[in-house]
Number of protein chains: 2
Amino acid sequence: MAGIKDVARLAGVSQATASRALSGKGSVSSKAREAVTAAASELGFVMSYHASSLASGRSHNIGVVLPFVNRWYFATLLEGANSALMDAGYDLTLYDFQGDRYRESVLGDFLLRKRLDGVLAVSLQLNSHETEQILAAGIPVVGVGGPLPGIPTLRIDDVEVGRRATNHLLSLGHTRVAHVGGEHEYGRNFQISSGRRAGYEEAMAAAGLPVREAWSLISDYSANDAYRETKQLLADPAERPTAIFCASDEMAFGAILAARDLGLRIPDELSVIGVDGHEMGEILGLTTIDQIPRNQGMRAVERLLALVQEDGKAAGPADELMQTRLVVRSSTSAPRTLDSKTAS
Amino acid sequence: MAGIKDVARLAGVSQATASRALSGKGSVSSKAREAVTAAASELGFVMSYHASSLASGRSHNIGVVLPFVNRWYFATLLEGANSALMDAGYDLTLYDFQGDRYRESVLGDFLLRKRLDGVLAVSLQLNSHETEQILAAGIPVVGVGGPLPGIPTLRIDDVEVGRRATNHLLSLGHTRVAHVGGEHEYGRNFQISSGRRAGYEEAMAAAGLPVREAWSLISDYSANDAYRETKQLLADPAERPTAIFCASDEMAFGAILAARDLGLRIPDELSVIGVDGHEMGEILGLTTIDQIPRNQGMRAVERLLALVQEDGKAAGPADELMQTRLVVRSSTSAPRTLDSKTAS
DNA sequence: CTGAAAGCGCTAACAG
DNA sequence: CTGTTAGCGCTTTCAG
């Protein structure tokens, strides 16, 4: 295990010069630099990041905090963050809440261990105490999607997404449109869910259409749960909507499968639109609003590293809206129900 | 930012005693211990892990290396590993190859930075140089699934899995059984794919059934790709198998959807069985061999931490076979094709 | 541009 | 059981 000392000796320079040559900080004659790099590679030198971190205060390590690694959106966003971090030479420390299971220990212990240069907080909702605590640790934080007061956040316009998805359905001639989203008030995806739902309600209202309570479903964002909810909804022909807007693609998968199991033809008897951009949507023909999570992860890291490296100089615009795009496939069309009953 | 020095002073003991009291290593009078913990919490003391790591050589940080965070199996295994690590108070540093994109830099740079107490290598195939390099760094490694010569590895018996899945189909009366797996020789999932395929071929041979080349498909483990492959396979009624064994659930999803799109009834006209235990299999009625990836992740961490903590004392049994279980749902049944053509 | 020297904050012998 | 004394391996003033 050669240390920088050995490198310096071999190169015939001081430890300080070796350090400067290796890190690129401070000026070193090209001659010295070459000698040092040569010596380093000859010895197979790898720096001790522990020592470096201790001395410099920078750990080249970013923490990514999210509620579920296991869900497509988060895993894909994580992949994007990983790319950006690898390219920048940073390590990625993963903190997976697994729902709420590790919420407290992550927030109360792990994040405070000051081994992180920055934190990416995905879909997190922090109370003021938690925000305070983490900011007090002096760690730059960038959020994605969650409502984090006092923290720069990337987000999509969820209300707009809800409106856009609903309007797509409406523009095809649907009037009986249901929505499957997340919990109203207290859920982890609070703002996201309520934003998309608000967009849905807004669009319906703007079209002069009623939002029936029975058509506003609540699910946990999983395909399985959405399947159950939707099947229940669709089972009664009299009450059946002709279109469903799901707040995530995974839920839309559930809805499509439920409809198929009930013998409903898609899109003729039921149109479905989702949100996310899950690849598997291709083989299900799912129309969706792609939010390109990979980009969100990369962009968030970019913002975070800027914060980390500029050491809090230019805070930049606090929030940033990410773009989405409507991807139309075969799960949506004009309603073509044989049974032409109208809404009650 | 109170340091251990401040804690020691406040508690009226030496820094060493404070350290011992806080870490639990070495004996401290209960009186001193109380004084120290009281002082620590009064000051809101959080240890610097950089300093601790540098001084002790332990970083309480485990690296998890995998080919794709984005695939269900890996994400779920990762979740299991995360649980075990959080419970043990360890950080998890994620290295996602994203296929092969970051393979070199992870193996050549990141892993050697000696900030890890251990590495969990999931579905990795290392050449001898890479193995050497990483072992030379003196880091304990535990593998899952990949063939890692000289490294303790957890795995399922992939040949047995292939045999079992195929035999399930055979026992239902199928004789025309196809297989969708991964690449034969050079793929990342080499051993896994070839093991499952070998089990399939073995079972077929044992039943005296031919394995047609056209029925042995190669996919990249994604639902979308398997969809395409399977659709192609099923499009020709004359060549059509009555059952398909897919080497992963995601590929089985693709197969089921392809079959449905061709108007084939499942399981009457086509039985499908997968491997993994993906939750979404529930709503597709997918019969599968559940390999409980979450457990694999937890168990692998357990093994790894044992290695890390016992400091290489007892190496333990080199390899360990993990259990799987057959979960029968509605995607498999006896063949009930109307068209009773026999294989050519 | 370079070297010497002083830590970064904690742990680990080693005596007591 | 406890305090003293050295470092862990690098970065960083501060002179030169």
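Q: Hi! Which parts of DNA strand C make up the atoms within 4 Å of the protein?
A: Sugar or phosphate accounts for 62% of those atoms, and the rest belong to bases. Keep in mind that this is a predicted model.

Q: Okay, and how many residues surround DNA strand C?
A: There are 24 of them. The closest are R20(A), S27(A) and S29(A) from chain A, plus I4(B) and S19(B) from chain B.

Q: Which helices supply residues to the surface near that strand?
A: Helix 2 and helix 4 of chain A each supply at least two residues, and so do helix 2 and helix 4 of chain B.

Q: What kinds of residues are on that surface?
A: The surface near DNA strand C has 12 nonpolar, 10 polar and 2 charged residues.

Q: Can you give me some actual atom pairs? What does S14(A) sit beside?
A: Sure! A backbone N or O atom of S14(A) is 2.9 Å from a phosphate oxygen of DNA strand C. On chain B, a backbone N or O atom of S48(B) lies 3.4 Å from a phosphate oxygen of that strand. For a base, look at A55(A): a polar backbone atom there is 3.3 Å from a base oxygen of DNA strand C.

Q: Let's switch to DNA strand D. Which residues are the closest there?
A: Those are I4(A), S19(A), R20(B), S27(B) and S29(B), out of 24 residues that surround DNA strand D. Of the atoms of DNA strand D within 4 Å of the protein, sugar and phosphate account for 59%.

Q: How far is the backbone of I4(A) from a phosphate oxygen of DNA strand D?
A: A backbone N or O atom of I4(A) lies 2.6 Å from one. From chain B, a polar backbone atom of S14(B) is 2.9 Å from a phosphate oxygen of DNA strand D.

Q: And what about A51(A), which kind of atom does its backbone lie 3.4 Å from?
A: That one is a base nitrogen of DNA strand D.

Q: Which helices supply the surface near DNA strand D?
A: Helix 2 (15-23) and helix 4 (49-56) do, in both chain A and chain B, with at least two residues from each. By class, the residues near DNA strand D are 12 nonpolar, 10 polar and 2 charged.

Q: New topic: how many residues of the two chains are in contact?
A: 56 residues of chain B are in contact with 56 residues of chain A. The two chains bury about 5,300 Å² between them, with 54% of that on carbon and sulfur atoms. H50(B), R115(B) and I283(B) supply 14% of the area that chain B buries against chain A, more than any other three residues.

Q: How many salt bridges are found across that interface?
A: There are 4. In a salt bridge between R101(A) and D87(B), the N to O distance is 4.0 Å. There are also 33 residue pairs in polar contact between chain B and chain A.

Q: Which helix gives the largest share of chain B's side?
A: Helix 5 of chain B does, with 9 residues. The side of chain B that touches chain A has 27 nonpolar, 15 polar and 14 charged residues.

Q: Last one: is S53(B) buried or exposed, and why?
A: S53(B) counts as buried because its relative accessibility is 4%, and the cut-off for buried is under 20%. S53(B) lies in helix 4 of chain B. Leaving aside neighbours within four places in sequence, S53(B) is in contact with H50(A), R58(B) and S59(B).

Notes:
Residues are numbered from 1 along each chain as its sequence is written. Chains are lettered from A and ligands numbered from 1 in the order in which they are written. This is a predicted model: local features need pLDDT of at least 70, side-chain atom pairs count only at pLDDT 80 or more; totals for chains, interfaces and linings use all residues. Side-chain values use heavy atoms; hydrogens and water are left out. A residue is near a molecule or strand if one of its heavy atoms lies within 4 Å of it. A polar contact is a pair of N or O atoms within 3.5 Å; within protein, one must be able to donate a hydrogen and the other to accept it, and residues adjacent in sequence count only if both atoms are side-chain atoms. Helices (H or I, at least four residues) and strands (E, at least two) are DSSP runs, numbered from the N terminus. Ala, Val, Leu, Ile, Met, Phe, Trp, Tyr, Cys and Pro count as nonpolar, Asp, Glu, Lys and Arg as charged, and the others, Gly among them, as polar. Contact means heavy atoms within 4.5 Å. Buried area is the accessible area (1.4 Å probe) that two parts lose on being put together, summed over both. A salt bridge is a side-chain nitrogen of Lys or Arg within 4 Å of a carboxyl oxygen of Asp or Glu. Buried means under 20% relative accessible area, exposed over 50%, partly exposed in between (1.4 Å probe, protein chains only).
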